[in-house]
Amino acid sequence: MSLRNTQTRFGLITKSLHWIIAIGLWALFFFGKYISNLELGPDNFHLIPRHKAFGILMLGLITIRILWRTTNPPPTALPAKPFEHLIAKLVHVALYILMLATPLFGWIGASATGFSIPFFGLFDIPLIWGEDEAVADLLLSLHGYSAMAMMALALLHIAAALYRHFIKRDETLRRMIR
Ligand code: HEM
Ligand code: HEM
């Protein structure tokens, strides 16, 4: 199997990044919701640095994915109505923007709390904003909203993939899996 995309197929790198990031984002979304509803104390405080480290790891993979996408375009889209192509394109662009914005808002907001961001105990991720409670509150609430918008669009995206697989019965989903 080819590592790069061809005109008709997704390559192994695009497919692996798509599925690792899809699973990672859903996991981080539920993890984030879980910690934001907890009564934080000494027993569970370690969960926040874990969420931050996984989020930064995901931001790294998303950046690699976008760079890879710019040098390696996807295969030609399978036949569909022009408005379906347009909606698919808009949703993909919005997903890429939200995939970058969500962890970046989290990183700026977390930096502004003044707490360090350890990367799985290996080293500290640099803080990219000075300590500022107002910025932390604003950016972490934007972080929550943009995560919700991303997952809502991902649901629409999944519904479209399932529609093409089970109703239109074309190769769209199989191309992203096989
Ligand atoms: C793309 C990856 C990420 C996703 C999908 C995600 C998702 C979430 C969600 C859904 C929440 C709960 C928001 C709420 O309901 O109020 C949350 C909270 C939070 N996230 Fe993320 N996050 C990601 C990456 C990051 C990164 C990279 C950082 C920082 C380096 C971060 C730091 C935080 C912090 C500090 C909270 C607040 C926890 C609390 O309530 O005390 N997140 N995240
Ligand atoms: C958080 C979850 C997900 C995100 C953020 C996401 C994001 C994306 C993006 C941005 C693309 C466009 C690739 C490109 O052309 O550059 C894409 C393609 C695709 N995704 Fe997802 N995806 C997610 C989950 C899923 C799931 C669960 C499915 C299956 C049910 C799926 C099926 C597909 C398929 C079939 C394509 C190829 C579409 C085409 O050929 O035009 N995705 N995804």
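Guide: A patch here joins residues that have over 30% relative accessible area and no salt bridge: like charges within 9 Å, or nonpolar side chains (Val, Leu, Ile, Met, Phe, Trp, Tyr) within 5 Å. The areas come from the Shrake-Rupley method with a 1.4 Å probe, and for residues only the protein chains shown count as cover. A salt bridge, in turn, is a side-chain nitrogen of Lys or Arg within 4 Å of a carboxyl oxygen of Asp or Glu.

Visitor: And what am I looking at?

Guide: A predicted model, where local features need pLDDT of at least 70, side-chain atom pairs count only at pLDDT 80 or more, and totals for chains, interfaces and linings use all residues. Residues are numbered from 1 along each chain as its sequence is written, chains are lettered from A and ligands numbered from 1 in the order written, and side-chain values use heavy atoms, with hydrogens and water left out.

Visitor: What makes up the secondary structure of the protein?

Guide: Five helices and two strands, running α-α-α-β-β-α-α from the N terminus on. Helices are DSSP runs of H or I with at least four residues, strands are runs of E with at least two, and both are numbered from the N terminus. The C-alpha trace spans about 55 × 30 × 25 Å along its principal axes.

Visitor: How do you know that helix α3 is close to its expected reach?

Guide: The expected span is 1.5 Å times one less than the number of residues. Helix α3 (residues 82-113) has 32 residues, and its 46 Å from first C-alpha to last is close to the expected 46 Å. Just after α3, Gly114 takes a positive phi of about 90°.

Visitor: Which residues make the nonpolar surface patch?

Guide: Leu155, Ile158, Leu162, Tyr163, Phe166 and Ile167, with about 590 Å². Take Ile158, in helix α4: its relative accessibility is 34%, so it passes the area cut-off for a patch.

Visitor: Why is Ile158 called partly exposed?

Guide: Buried means under 20% relative accessible area, exposed means over 50%, and partly exposed is in between (1.4 Å probe, protein chains only). Ile158 has 34%, so partly exposed is the right label. In the protein, 35% of the 178 residues count as buried.

Visitor: What makes the other surface patch negative?

Guide: That patch is formed by Glu131, Asp132, Glu133 and Asp137. Asp and Glu count as negative, Lys and Arg as positive, while His and the chain ends are not counted. The place of a charge is taken as NZ of Lys, CZ of Arg, CG of Asp or CD of Glu.

Visitor: Why is Glu133 called exposed?

Guide: Glu133, in helix α4 (residues 133-167), has a relative accessible area of 65%, so it clears the mark for exposed.

Visitor: How do you know that Lys168 and Glu84 meet in a salt bridge?

Guide: Their N to O distance is 3.8 Å, so the pair fits the salt-bridge limit. The pair links distant parts of the chain: Lys168 sits in the loop between α4 and α5 (172-177), Glu84 in helix α3, 84 residues apart. Lys168 is partly exposed at 32%. As background, side chains of opposite charge can pair when their charged atoms come close.

Visitor: How many salt bridges does a search of the whole structure find?

Guide: Three. Arg164 and Asp170 form one of them, with the closest N and O atoms 2.8 Å apart, and both residues are buried. Glu171 and Arg174 also meet in a salt bridge, at 3.0 Å.

Visitor: Why is Arg174 called partly exposed?

Guide: Arg174, in helix α5, has a relative accessible area of 25%, so it falls between the two marks. Its partner Glu171, at 38%, is partly exposed too.

Visitor: What makes the phi of Phe120 worth a mention?

Guide: Phi of Phe120 is near 50°, a positive value in a residue other than glycine. Phe120 lies in the loop between β1 (117-119) and β2 (123-125) and is partly exposed at 37%. Arg169 is not a glycine either, and its phi is about 55°. Arg169 is found in the loop between α4 and α5 and is exposed, with 65%.
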